[in-house]
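Visitor: I am new to this structure and would like a close look at a single part of it. Could you pick one residue, show me its surroundings, and then lead me outward from there?

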Amino acid sequence: MAKVTSIDVAALAGVSRSAVSRVFTPGASVSPATATKVRTAARALGYRPNVLARSLITGRSRIIGLVVAYLENQFYPEAIERLSKSLQAQGYHVLVFMASNDNEATQTVIDELLDYQVDGIVIASVGVSNDLTRRCEDAGIPIVLFNRDQFDDRLSSVTSDNMAGGRKLAEFLLAGGHRRIGHIAGWEGASTQIDREAGFKAGLMAGGIKLAMRSIGNFDFETAQNAARAMFDRDDPPEAVFVTNDHMAFAVMDVLRFELGICVPDDVSVVGYDDVQIAAWPSYNLTTVRQRANEMVSKTIELLMTRIENVDAPPQRICIDGPLIIRGSARTPQG
């Protein structure tokens, strides 16, 4: 069978070829009556527009590259779903690439994204080197960092106010009467980890105490379990612990309750960060700081669209405050 073209659709619908093109171009102006006629004719003929061909003409692929380091953390699948749906509503398609936290892996992924001639890139919790930033800038492809910041004036970013969140958790634990407090950190190269810990330590210092002990969970469930064993299977465990994200906090709580026989929160208070859906489940009931995922996604897309429409638009750093969500995993201060 001969391939159906836009000329065939235009002839059957009784409109111009340019009208057919406008109907299948997101955001283009076309009357409802014309759109109905064109889509009816297209369905009758089995016509589908050639997206790749259009991208060669317009210079726009309508594809956004999304780079993420890991999906084990429940925050990211939820955020990626919101990102994808929001971009699709604006006529974009999303290509998801996985990359580990090292420059070589990220460079390989960016090379592939450049080959696809994406219109923009969202990088979620992955670092990007100065060389890769320059290459994307030279190609006119904007980058927005999501839930990660980086000291590079060429990059836009959207994050939670991690320092303020860390400080809120410290103040909460101190108000609950805790004085011997530990911290289980994530990957130490991440801005989220650096800022959350800095805010937490500042909050403790304002209350006149220092961090009692520290271990590293690397944002990994099993590593966080090992960190919990090292911190609590001893004669002088902490009275409370701040775990850098909820994903690791769940691992810590499992070890405390089911391996070490430690009661949460009667024996030790546990707090996390993110407020993923599982945090509200009765089995964890985790006190945590909420990342406003909807607002973070909205601002990320806003920044990306602005840079796509105007490559000379100045980069922005957006920091969104998140509330402390008090549940039952930590001692609640009186009053």
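Guide: Let's start with Gln225 and its contacts: setting aside neighbours within four places in sequence, Gln225 touches Ala251 and Val255. Keep in mind that this is a predicted model. Gln225 is part of helix α10, which covers residues 221-232. Is Gln225 buried or exposed? Its relative accessible area is 16%, and the cut-off for buried is under 20%, so Gln225 counts as buried.

From here, let's move on to the sheet. It is an open sheet of 6 strands, paired in parallel, and their order is β2-β1-β3-β4-β5-β11. At its edges are β2 (93-98) and β11 (317-320), each of which pairs on one side only. From one strand to the next, the twist averages 15°. For a closer view of one pairing, look at β3 (residues 120-124) and β4 (residues 143-146): they run parallel and are joined by 4 bridges. Here Val122 stands opposite Val144 in β4.

Now for the helices around these strands. Helix α5 (residues 75-89) lies across β1 (63-68), β2, β3 and β4, and runs at about 175° to β1. Another helix to find is α12, residues 293-309. Its 17 residues should span 24 Å at 1.5 Å a residue, and the end C-alpha atoms are indeed 24 Å apart, so the two values agree. Among the buried residues of α12 are Met296, Val297, Ile301, Leu304 and Arg307. What covers the buried residues of α12 includes helix α5 as well as strands β1, β3, β4, β5 (156-160) and β11.

Terms used: Residues are numbered from 1 along each chain as its sequence is written. This is a predicted model: local features need pLDDT of at least 70, side-chain atom pairs count only at pLDDT 80 or more; totals for chains, interfaces and linings use all residues. Side-chain values use heavy atoms; hydrogens and water are left out. Helices (H or I, at least four residues) and strands (E, at least two) are DSSP runs, numbered from the N terminus. Buried means under 20% relative accessible area, exposed over 50%, partly exposed in between (1.4 Å probe, protein chains only). Contact means heavy atoms within 4.5 Å. Two strands pair if DSSP finds at least two bridges between them. Axes are lines fitted to C-alpha atoms, for helices over the stretch in contact, and angles run from 0 to 180 degrees between N-to-C directions. The expected span of a helix is 1.5 Å times one less than its number of residues.
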